[in-house]
Amino acid sequence: MSVFEEMLAEYSDNQGTATPNAVQEVMQRIALAGLSRGGFFKHAAFYGGTCLRIFHNLPRFSEDMDFSLIEKRNDIHLEDYFDDLVREFHAAGHDVEITKKDKKIFGRVESAFLKEGTEVYDIKFNTKKLVKIKIELDTNPPLAFDTEQKLLMKPFSFMTRCFSLPALYAGKMHALVYRKWQRRIKGRDWYDFEWYIRNRIPLDFNHLQERIREFDGESIDKDTFIKLLKEKLSTASIELVKQDVKGFVFDRSTLDIWSNDYFLQLADMIVFK
């Protein structure tokens, strides 16, 4: 049995059937291993929903892997670590190819958060073209965030530099308020917001302010941010919110309580770091 198969077996139920999205999640973990072995986390940190899923047991699947340099520089690129990624997947039992994504085809929801310096790639199995994960690196990131080292023990024991929970929270709240929605509301933002409140995570407002300044050219205080947040929470279609997230959560019954008023009450529970 290959390392990949051993890791995949950990996601199987009593009948030996792998849970939904298990292949992608194993791929995500092997990608982290390859990046760690190559020294990537000396220069970069992991953030976003997949970081929350893998290291903090967020009970939903997350598709993409988001990384940020820990300082602004133009000499660190994802391509520098492709050999490490390819070797790690080969050692685990699968050969992969890495292809650059055309940012021009991204929708407004995604492109609103992709700056000029962001690098985006797909990692695909050579034999299964439909099985892939997306990785992206912000080489000119908003700063003022804290990081921590988090341990994974497969395919071997290694550390991943991650945004701290308050900094992860800040990134999520920036996305929730400032995404250019149109009709495609990213309900996963709302789900993660609820998770942060439930787990009493303080919001790193300094990092949130930095993100808003760099992406949106605004300088706001806490009261203004809460006002903008509540405007989003009170006017969005909850049905569209649920529609986006229901394919990613493990227990859809947790969405039954969702309403505009429910999220407005969650907003009143925000604690700032």
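**Notebook: a surface patch and a buried aspartate**

I began at the surface, where Leu151, Met153 and Met159 make a nonpolar patch of about 320 Å²; patch members have over 30% relative accessible area and no salt bridge, with nonpolar side chains (Val, Leu, Ile, Met, Phe, Trp, Tyr) joined within 5 Å and like charges within 9 Å. A salt bridge here is a side-chain nitrogen of Lys or Arg within 4 Å of a carboxyl oxygen of Asp or Glu, and accessible areas come from the Shrake-Rupley method with a 1.4 Å probe, only the protein chains shown counting as cover for residues.

I noted that this is a predicted model, in which local features need pLDDT of at least 70 and side-chain atom pairs count only at pLDDT 80 or more, while totals for chains, interfaces and linings use all residues. Residues are numbered from 1 along each chain as its sequence is written, and side-chain values use heavy atoms, with hydrogens and water left out.

I then looked up Met153, which lies in the loop between β6 (147-152) and β7 (158-163); strands are DSSP runs of E, at least two residues, and helices runs of H or I, at least four, numbered from the N terminus. Met153 counts as exposed, at 61% relative accessibility (exposed is over 50%, buried under 20%, partly exposed in between, with a 1.4 Å probe and protein chains only).

Next I turned to Asp84, placed in helix α4 (residues 82-92), and found it buried at a relative accessible area of 15%. Apart from neighbours within four places in sequence, Asp84 is in contact (heavy atoms within 4.5 Å) with Gly34 and Gly38.

For the whole protein, I recorded 11 helices and 7 strands, with 53% of the 273 residues counted as buried.
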